[in-house]
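Please find below my comments on the model you sent. They are set out as numbered points.

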Amino acid sequence: MPPIDPQLIRADFPIFERDFGGRRLAYLDSAATSLKPRPVIDAVNDYNSRYTANVHRGIYTTGEEATAAYEAARVTAARFIGAPDHHEIVFVRNATEAINLVAYSWGRRNLRQADTIVLTELEHHANLVPWQLLSQEKDADLEFVAIDDDGRLNQQSFEVLLRTRPKLVAFTHVSNGIGTINPVKEMVAKAKAAGALVLIDGAQAVPHTAVDVVDLGCDFYVFSGHKVLGPTGSGALWARRELLEEMPPFMGGGEMIREVHLRRTTFNDVPWKFEAGTPDIAAAIGLGAALDYLTAIGMDHVRAHERALTGYALETLQEHVPDIQIYGPPSVDDRAGIVTFNLPGVHPHDVATLLDREAIAIRAGHHCTQPLHERLGETATCRASFNVYSDRDDIDRLAAGLRKVQRVFAGDGVATAPVAASR
Ligand SMILES: Cc1ncc(COP(=O)(O)O)c(C=O)c1O
């Protein structure tokens, strides 16, 4: 018995009941956002239909229920990533907001002129642009760990950069661009030995593998709820409590205060000091339901399933799609459920458009990793990414769809071919 039966799992995802021209959707864009299972949809609906109220305010039944559900989701999120204290979980809208929060709050207070932040060539724009803004403001330096040709971070390059004694090292746990799983624990140990704080972008890791922030030894860890089967508008920043205590608020307003006078304010305890205004209550509750759903499946099973599927995809595409160029690490040991590729002579937008006609959804473009694409020498790639509901049938359909694209571009049906190839 395989630990995960995607067919059974798909029964939990209403989108698979929809008919796409006589076919079930082959959703291969989970790295962009995941599909949502019924328990998540129900949790959000339940809040919206049965106990709608603001949190931390209403001294009445539904107000107390809403606060309890919102705070229970925080406990769930803490447990899911091994945070020792649920007060270390700050709810945010997404990973992008979490990184911006650290850049504005911790960064503005602690970064000085000529300090260094070390990033990598693998980063999503969310883990580049906030640091660019901060370094411009502070006249600080950004340095980048190079990648090898197979998409792994070059550890020698990292060690050389650590000699600059950076204030902060920030890198992704798993690359959304090419699927590389970075050796996070070893890299954190090296960065800490060099005296840096470490932020890990876990947007592509938390949905697919067991994460324990204490074991990793990092200082900040961020993820988005919508990639982890949860609703959009949910996500979390984890940081060690003493860091959160020292950090100034990111935004001011209601909820984040203790006392407000006309000319001064004292702030709430962490984490609420960082949650100004009415939060996305429904999304946080939905995130809790998503993490419970994954816990019931077991994250080791999730990883095993996606590892096996990735191996099958690499083999199948290489065997059945002539000339396909696949990027990223060749071994499934250091590759998450992401397969990025190109068909020579066919623009990725054309590939995606033709696959869409077969009800196959992939991502085409730079996947918010333009520097990585520059390094690969490409402006765009195709990306297929998996989740618990993905199976071999999805991969077989992808391979057959790509053969069809190749036939169209070989001259068989040119009249109906899209035209992005000229872009
Ligand atoms: C590695 C990585 N980091 C950060 C993000 C940003 O996530 P969000 O758009 O949910 O803030 C993404 C989204 O694709 C990602 O893949």
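The points cover the domains, a helix pair, the ligand shell and two backbone details.

1. The model is predicted, and the points below should be read with that in mind. The domain assignment divides the protein into domain 1, made of 6–30 + 299–422, and domain 2, which spans 40–296. Domain 1 is thus listed as two segments, one on either side of domain 2 in the numbering. Between the C-alpha centres of domain 1 and domain 2 the separation is 29 Å.

2. The interface between the domains involves 23 residues of domain 1 and 22 residues of domain 2. On the domain 1 side, at least two residues each come from helix H11 (299–320), strand S12 (338–342) and helix H13 (370–376). H11 gives the largest share, with five residues. By class, the side of domain 1 that touches domain 2 holds 11 nonpolar, six polar and six charged residues.

3. How do helices H4 and H5 lie relative to each other? The axes of H4 (residues 95–110) and H5 (residues 129–138) cross at roughly 20 degrees and come within 9 Å. Angles under 35 degrees count as roughly parallel, so H4 and H5 are roughly parallel to each other. Their crossing is right-handed.

4. Which residues make the contact between H4 and H5? H4 supplies Ile-99, Asn-100, Ala-103 and Gly-107, while H5 supplies Pro-130, Trp-131 and Leu-134. Five of the residues in this contact of H4 with H5 are nonpolar and two are polar, with no charged residues.

5. The ligand has 14 residues around it. Those that come nearest are Asn-94, Thr-96, Asn-176, Ala-203 and Ser-224. The shell around the ligand consists of nine polar, four nonpolar and one charged residue.

6. Val-270 and Pro-271 are joined by a cis peptide bond, with omega about 5 degrees. Pro-271 sits in a loop, with strand S10 (265–267) before it and helix H10 (281–297) after it.

7. A second backbone detail concerns Glu-255. Its phi is near 75 degrees, which is a positive value in a residue other than glycine. Glu-255 is in the loop that runs between helix H9 (241–246) and strand S9 (257–260).

Terms used. Residues numbered from 1 in each chain as written. Predicted model: local features only at pLDDT ≥ 70, side-chain atom pairs only at ≥ 80, totals over all residues. Axes fitted to C-alpha atoms, helices over the stretch in contact; angles between N-to-C directions. Helix = DSSP H or I, 4+ residues; strand = E, 2+ residues; numbered from the N terminus. Parallel < 35°, antiparallel > 145°, perpendicular 65-115°, else oblique. Left-handed = near helix turned anticlockwise from the far one by under 90°. Contact = placed C-beta atoms within 7 Å. Nonpolar A, V, L, I, M, F, W, Y, C, P; charged D, E, K, R; others polar. Near = placed C-beta within 6 Å. Domains from an automatic or database assignment.
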